[in-house]
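Hi everyone, thanks for making time this morning. Please pull up the sequence and the model on your screens, and I'll walk you through a few spots worth a look.

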Amino acid sequence: RARVAILISGRGSNMMSLVAASRAANSGFEVVLVASDKPEAAGLAWAREQGVPVFAHSPRGIPKAEYEAAIEDAIRQSGAEAIALAGYMRLLSPEFVGRWEGRILNIHPSLLPKYKGLDTHARAIAAGDAVAGCSVHLVTAELDAGEVLGQAEAPVLPGDTPESLADRVLKEEHRLYPRVLAEFLAR
Ligand code: GAR
């Protein structure tokens, strides 16, 4: 089974869906590390309880290259062949991305190439979009611009707030990411 490291910054619900999928019979991958730049991330406590090895260090006061080297050490020690970003809210340096090119995936809460960056749901509502969604894509040095590997849609409903739309899209994220990651690792 392919070994995957997951990077999170917070709640970690996509990480949880990936760990759950990895534990299903005949899953194509195994989660060997959950790393967070926020030691207090809610998702980390869950991962620990599940017995998944964790890396929990803040980059505060540490040069970026040094911090990334520490994460990368943990990733290499875990034996991971691929990295799945799941709500990791920090930009990886071009150097880091270059070393893992083609092996880092991210999930983004919009139908890329629409709404790269932040506040995707507010922007979809403001634009009057009838359909929103999420994308799993390869990570390149350019933000949210790598090859799209899979997408799922969710309707924008009358009266939606960014929060209500985010909830609806998040349910799709939890289905999409495990499927696309497994397909990617099998190809
Ligand atoms: C998810 O909606 C994910 O798509 C988004 O953050 C949320 C994390 O939730 N990612 C980004 O906005 C990346 N720029 P989670 O921690 O519960 O998975």
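Let's start with Asp119, which sits in the loop between E5 and H5. Do keep in mind as we go that this is a predicted model. Phi of Asp119 is near 55°, so we have a positive value in a residue that is not glycine. For background, most residues other than glycine have a negative phi, and most peptide bonds are trans.

That second point brings us to Pro113, which is also placed in the loop between E5 and helix H5, the helix running over 120–126. The peptide bond that joins Leu112 and Pro113 is cis, with omega at about 10°.

Now, over to the ligand. Which pocket does the ligand take up? The space it fills is the largest pocket. Three elements each give two or more residues to the shell around the ligand: helix H1 (13–22), strand E5 (104–108) and helix H6 (162–186).

If you'd like to click through the residues around the ligand, here they are: Arg11, Gly12, Ser13, Asn14, Gly87, Met89, Ile107, His108, Pro109, Leu170 and Glu173. By type, that shell divides into 4 nonpolar, 5 polar and 2 charged residues.

For those of you who think in polar contacts, I have three to show. In the side chain of Arg11, an N or O atom is 2.6 Å from an oxygen atom of the ligand. Glu173 also takes part through its side chain, with a polar atom 2.7 Å from a ligand oxygen. With Asn14 the backbone is involved: one of its polar backbone atoms is 2.9 Å from an oxygen atom of the ligand. As for cover, the ligand on its own has 450 Å² of accessible area, and the protein covers 85% of that.

How does this sit beside the database record? An unreviewed UniProt entry places the feature "binding site" at Gly12, Ser13 and Asn14. From this set, Gly12, Ser13 and Asn14 are taken in by the lining of the largest pocket. Ser13, by the way, lies in helix H1.

One last item from the record, on a wider scale. The unreviewed UniProt entry also gives "domain: Formyl transferase N-terminal" at residues 3–181. In the model, the span of residues 3–181 is 37% helix and 23% strand, and its end C-alpha atoms lie 11 Å apart.

That's my tour, and I'm happy to take questions.

Key:
Residues are numbered from 1 along each chain as its sequence is written. This is a predicted model: local features need pLDDT of at least 70, side-chain atom pairs count only at pLDDT 80 or more; totals for chains, interfaces and linings use all residues. Side-chain values use heavy atoms; hydrogens and water are left out. A residue is near a molecule or strand if one of its heavy atoms lies within 4 Å of it. A polar contact is a pair of N or O atoms within 3.5 Å; within protein, one must be able to donate a hydrogen and the other to accept it, and residues adjacent in sequence count only if both atoms are side-chain atoms. Accessible areas come from the Shrake-Rupley method with a 1.4 Å probe; for residues, only the protein chains shown count as cover. On a 1 Å grid over the protein atoms alone, a cavity is a set of points where a 1.4 Å probe fits but cannot get out, and a pocket is an open set with protein on both sides within 12 Å along at least five of seven lines; lining residues have an atom within 4 Å of a point. A molecule sits in a cavity or pocket if more than half of its atoms lie within 2 Å of its grid points. Helices (H or I, at least four residues) and strands (E, at least two) are DSSP runs, numbered from the N terminus. Ala, Val, Leu, Ile, Met, Phe, Trp, Tyr, Cys and Pro count as nonpolar, Asp, Glu, Lys and Arg as charged, and the others, Gly among them, as polar. UniProt positions are given in the numbering used here, feature names are shortened, and annotations may be inferred rather than shown by experiment.
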